[in-house]
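User: Please take a close look at the paired side chains here, both the aromatic ones and the charged ones, and explain each term as you reach it.

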Amino acid sequence: MAQIPSVSFGPGNQGLQVGQSYAPITAEFHLPPERPETPPKPFATIPFSRDPDFVDRGDILEQIDRRCSEPAARIALVGLGGVGKSQLAIEFAHRIAAGQPDTWVFWVHAGTQARVEEGFRTIADAVKLPGRSQPKANIPQLVYSWLSNERNSRWVMILDSADDRDVLYNTTSGDARNGRSFAAYLPQSRNGSIIITTRNKDLASSLARRRQNMIEVGPMVQTDALMLLQKKLKSLSDPEVAADLVQALEHIPLAISHAAAYIEASAPRSSPKKYLDNFRENELKKTWLLDRDVGDLQRDGTLITVLTTWQISFNHIRSKRPSAADLLSLMSFFDRQGIPEWVLKPLRIGKNPMRVRGPDEGGDRESDDNGSTTDGDTDDGADDDIYGRFEDDVAMLRDYCLITMNEIGDEFEMHGLVQLSTRSWLEASGQQDTFKQQYIERMAALFPTGKYENWAKCRGLFAHVQVALGYRLKKDTLEWATLLHNGGWYAWSQGRYEVAQQMVRKARKVREEKLGRDDVATLASILVFALVQKDRGRWSEAEKLFVQVMETSKIKLGADHPSTLTSMANLASTYRDQGRWGEAEKLDVQVMETRKTKLGADHPDTLASIANLASTYRDQGRWGEAEKLFVQVIETSKTKLGADHPSTLTSMANLASTLWNQGRWGEAEKLFVQVMETRKTKLGADHPDTLASIANLASTLWNQGRWGEAEKLFVQVMETSKTKLGADHPSTLTSMNNLAFTWKGQGRRADALALMEDCAQARRRVLGEEHPYTLLSLATIAKWST
């Protein structure tokens, strides 16, 4: 039966009063005293069941257990959303509950202040704290006092999803907590431990008191990721597909669990193989898969997908520090690895239009000023403020584990799926094109031309230019064309012909649409595209393009303009490739003489022309004349360009080839080895020029009867050329030809003849019936067949 509170009246109003009364009246309500409650035995208040698919990840749980055994321990599990921090805490909590029945296990969700308040009240109810039912009871204080009392049983508190500093450290005056923050109610009791899960390193450091108390949780290792997928799917029919799938999902537990749930829910129409194929198809399909609702629940009871788990962090950062969110948005368009710090820092882009000219035929590349990156004088104080804000933005993104840094601290890295989630978030808010254009403009201003002196800078940025190939802009811009043109130029210089062709083709198309077919910038892109076709062995197509550029340049710029001369030199080089040595010589001489007059005898462009003429002489069998010119070019190039400049190395290789043709194999070998080793260092072991050097060395060894050594090198060159250049590339066919001669020298007549027949057939198809190399192969077959 309900209790009726007693009412008493003040001494000025005793007895029954009728009518008006002006004396003070005092009402006192007396609630019935709380009945004493028997303190319960310790138990666990874990709101989640144990995960039967849990995968023990190394020694993380052992680390937590070891640290929890210390007095007043605090441990923070820190990491990106979705890496399994809470799953580790849930498993540890269940292990404590099962193995230490005399220990309390409390769970507090720290996503909002209301949830923290609810968590403290749950603890108060669990241990039956006296006074907790009073209207003005300070529940956190009651819990704090009980937890601080070392006469009570041992306890472990899990503070889950403590991502927002304001939730735990903001104070509110006038409430039951007397203006104290929740963090102030987390005791340092010798009989208790607190485990925090958080995405925020800065908050983790504050709560755990020391950085040493933080355990960084990252993606799983490959074996653990495969075990998780196997547990979720019960079996893996194709281990190789499974390995590729978890790698594509970047070993992130939430992504793996989500994919497995989708596969199971969609069976038999889905499987690991089908999921992986769809995932790799394009970004749209990848986003669709990761954003599917497969029924998984977040810990606060709301539905969540792989992408939205990170977008929670994005939204928080946007609300607290918009400039940090902007930086993250910009970074999402770079390649995920090796993002240089200097590229991200605030950039003043000049207003001058970006203009470039095409590369020269001899390895030297010309360019106009590629645009200024500063606008005159700057205010040092303003710059300090700008860069100070940049450092604060980086700190916030690192604190939320959205980016990491290399050991030196000058490059950043992001998970690919986090980048994808960021771009999806931007698209949903209508900002994706804005930041994509910012990325294009920034990279167009910073990525230089493919000139040799820019290679080091290009090398560090090229991966970030490559990703621009896959971006679709609502409106193609000249900045995008400039970026792809310069990227294609550099790719061509590195022998990466496929990607170079893709880049320059797109740059050419945009420039033709925006500037016209006869614009200097358009001609530059056509020129680089022609160079790519030439080096891929597509000489007829290259010839047409070189003629087009040459004729237009004569009209637009003049017959003796450097760009016109470059086109003529490249056309001559194409004639030489086709065995049209008379036509090549005529153009080579014309270009050389004009450059001597216009630029000087020792200008790099003039030296390239002399080297080209020498190559033509060599191919004509005029070895004495060729040798004399090559020596002249090498000595001058060493002084003007450096001993390891690509143009110098090319001349050295050509001189060695000339010596080889004269039977001076010892001298040739020495030069070939020098060129080969330098090219391996400067260009890489699989660069086309390096492969040519190895092939030349092998030819020299063959001539000296060292067939075993020669065979090994020829096989290496042929196999690498097939992969790098294609089975029908002229250089690959040359390697086949040389290997056939080596086998012939070793007495393997049948093998040699079969390989030479394959080579001749391919040369007919690629070079044509009348090309000297085709005729040579056919003559060799006839000779070997008799």
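Analyst: The account below takes the aromatic rings first and then turns to the charged side chains.

This is a predicted model, in which local features need pLDDT of at least 70 and side-chain atom pairs count only at pLDDT 80 or more, while totals for chains, interfaces and linings use all residues. Residues are numbered from 1 along each chain as its sequence is written, and side-chain values use heavy atoms, leaving out hydrogens and water.

The structure holds 19 aromatic pairs (rings of Phe, Tyr and Trp, the last by its six-membered ring, with centres within 6.5 Å; planes under 30 degrees apart are stacked, over 60 edge-to-face, the rest tilted). One of them joins Tyr144 to Tyr185 in an edge-to-face arrangement, with 6.4 Å from centre to centre and 80° between the planes. Tyr144 belongs to helix α4 (residues 139-148), whereas Tyr185 sits in the loop between α5 (165-169) and β4, so the pair ties together parts of the chain that are 41 residues apart in sequence (helices, H or I of at least four residues, and strands, E of at least two, are DSSP runs numbered from the N terminus). The two rings can also be described by their exposure: Tyr144 is partly exposed, with a relative accessible area of 26%, but Tyr185, at 0%, counts as buried (buried is under 20% relative accessible area, exposed over 50%, partly exposed in between, with a 1.4 Å probe and protein chains only).

Another edge-to-face pair is made by Phe334 and Tyr439, whose ring centres lie 4.9 Å apart and whose planes form an angle of 80°. Phe334 is found in the loop between α13 (322-331) and β6 (339-340), and Tyr439 in helix α17 (residues 432-446), so this pair ties together parts 105 residues apart in sequence. Phe334 and Tyr439 are both buried. Elsewhere, Phe43, Trp104, Phe106 and Trp146 form one aromatic cluster.

A charged group can also meet a ring, and Tyr185 returns here, since Arg180 lies over its face at 4.4 Å from the ring centre (NZ of Lys or CZ of Arg within 6 Å of the centre and within 35 degrees of the ring normal). Arg165 lies over the face of Tyr169 in turn, at 5.1 Å from the ring centre.

Among charged side chains, a search of the whole structure finds 42 salt bridges (a side-chain nitrogen of Lys or Arg within 4 Å of a carboxyl oxygen of Asp or Glu). In one of these, Lys451 meets Glu453 at 3.1 Å from N to O, and Lys451 is buried, with a relative accessible area of 18%.

Arg576 and Asp588 meet in a salt bridge of 3.3 Å, N to O. Arg576 lies in helix α23 (residues 562-577) and Asp588 in helix α24 (residues 581-599), so this contact ties together parts that are 12 residues apart in sequence; both Arg576 and Asp588 are buried.

A further salt bridge, 2.9 Å from N to O, brings together Arg765 and Asp728. The partners come from distant parts of the chain, 37 residues apart, with Arg765 in helix α32 (residues 749-766) and Asp728 in the loop between α30 (707-724) and α31 (730-745). Arg765 is exposed, with a relative accessible area of 53%, while Asp728, at 34%, counts as partly exposed.

Finally, salt bridges can join into a network, and one such network links Arg50, Asp56, Glu91 and Arg95.
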